[in-house]
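Biologist: Before planning further work, I should like to go through this structure step by step. May I put some questions to you?

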Amino acid sequence: IDYLNKAISAYLIKINNQDLNDTQSREIFTLVTVINYINLINNGINLRFNNLIELKKQNINELSDVNQNELINFHSKMLKQIKRLGRFFEKYERRKIEKIIAKSQKYRAIEEKYRIENIKRISSPKDSATQNQFYSDLMNLLKQISVFIDLIASSLLELESIEDLPN
């Protein structure tokens, strides 16, 4: 996340001293919006991290294997999305953004499936309230990251579409 933030900020500083046409102005606005989304991801992680650590400390028993696997799976998918964003900024390829959006739809379905399965598990006496709270909070954080990644990708795709229009 820091890499993306620095790369976009460096680009904005570089073009700051130039006279800008309408397309360039829209590009700057979109990139500032992207930086804001990246900062919101970063802030969300920072704000929730200590609470998650405290919940984890309260949890004497480990998360169930199913909960662990779901969290690990969804976390790895969010890391892939962030890496895709990074690769977009390296080469500015539209297809990378389109892939992020396509994967985002798939990941929303996975998150919803996990949420439904977790609701079913809540009624099980094996799941403690602390385990469930930790799982839910962490999954909510990952979902929030997913939403911001989708917003970033949509903004960048819209920018690409604007740049394709004749002046």
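Biologist: Leaving aside neighbours within four places in sequence, which residues is Ile145 in contact with?
Modeller: This is a predicted model, and what I report is computed from it. Ile145 is found in helix H5. Once neighbours within four places in sequence are set aside, the contacts of Ile145 are Ile41, Ile45, Met78 and Ile82.

Biologist: What separation do the C-alpha atoms of Ile145 and Ile41 have?
Modeller: Ile41 is among the residues that Ile145 contacts. Along the chain the two lie 104 residues apart, yet their C-alpha atoms are separated by 5.8 Å.

Biologist: Is Ile145 buried or exposed?
Modeller: The cut-off for a buried residue is a relative accessible area under 20%. Ile145 has a relative accessibility of 8%, so this residue counts as buried.

Biologist: Which residues does Leu52 contact, not counting neighbours within four places in sequence?
Modeller: Leu52 is found in helix H2, and its relative accessibility of 7% makes it buried. Leu52 and Gln133 are 81 residues apart in sequence, with 9.1 Å between their C-alpha atoms. The contacts of Leu52 beyond its sequence neighbours are Phe134, Asp137, Leu138 and Leu141.

Biologist: Is Glu70 buried or exposed?
Modeller: Glu70 is found in helix H3. Residues up to four places away in sequence aside, Glu70 touches Tyr114, Glu117, Arg121, Tyr135 and Met139. Its relative accessible area is 5%, so Glu70 is buried.

Biologist: How many aromatic pairs are there, and of what kind is the pair of Tyr37 and Phe148?
Modeller: Rings pair if their centres lie within 6.5 Å, and planes from 30 to 60 degrees apart count as tilted. By this rule there is one aromatic pair. The ring centres of Tyr37 and Phe148 are 6.0 Å apart and the ring planes stand at 35°, so the pair is tilted.

Biologist: Which helices does this pair link?
Modeller: Tyr37 is buried at 18% relative accessibility, and Phe148 is buried with a relative accessible area of 13%. The two residues are 111 residues apart, so to speak of distant parts of the chain is apt. Tyr37 belongs to residues 22-58 and Phe148 to residues 129-164, that is, to helix H2 and helix H5.

Biologist: How are H3 and H4 oriented to each other?
Modeller: Two packed helices are described by the angle and the distance between their axes. The axes of helix H3 (residues 65-91) and helix H4 (residues 94-122) come within 10 Å and cross at roughly 165°. The crossing is left-handed. Angles over 145 degrees count as roughly antiparallel, and H3 and H4 are therefore roughly antiparallel.

Biologist: What is the order of elements from the N terminus on?
Modeller: The protein has five helices and zero strands. Read from the N terminus on, the order is α-α-α-α-α.

Biologist: Among contacts between residues at least 6 apart in sequence, what percentage join residues at least 24 apart?
Modeller: The contact of Ile145 with Ile41 spans 104 residues along the chain. Over the protein, among contacts between residues at least 6 apart, those joining residues at least 24 apart make up 80%.

Biologist: What percentage of the exposed area do carbon and sulfur atoms supply?
Modeller: Of the 167 residues of the protein, 41% count as buried. The protein exposes about 10200 Å², and the part supplied by carbon and sulfur atoms is 54%.

Methods:
Residues are numbered from 1 along each chain as its sequence is written. This is a predicted model: local features need pLDDT of at least 70, side-chain atom pairs count only at pLDDT 80 or more; totals for chains, interfaces and linings use all residues. Side-chain values use heavy atoms; hydrogens and water are left out. Helices (H or I, at least four residues) and strands (E, at least two) are DSSP runs, numbered from the N terminus. Buried means under 20% relative accessible area, exposed over 50%, partly exposed in between (1.4 Å probe, protein chains only). Contact means heavy atoms within 4.5 Å. Accessible areas come from the Shrake-Rupley method with a 1.4 Å probe; for residues, only the protein chains shown count as cover. Axes are lines fitted to C-alpha atoms, for helices over the stretch in contact, and angles run from 0 to 180 degrees between N-to-C directions. Angles under 35 degrees count as roughly parallel, over 145 as roughly antiparallel, 65 to 115 as roughly perpendicular and the rest as oblique. A crossing is left-handed if the near helix is turned anticlockwise from the far one by less than a right angle, and right-handed if clockwise.
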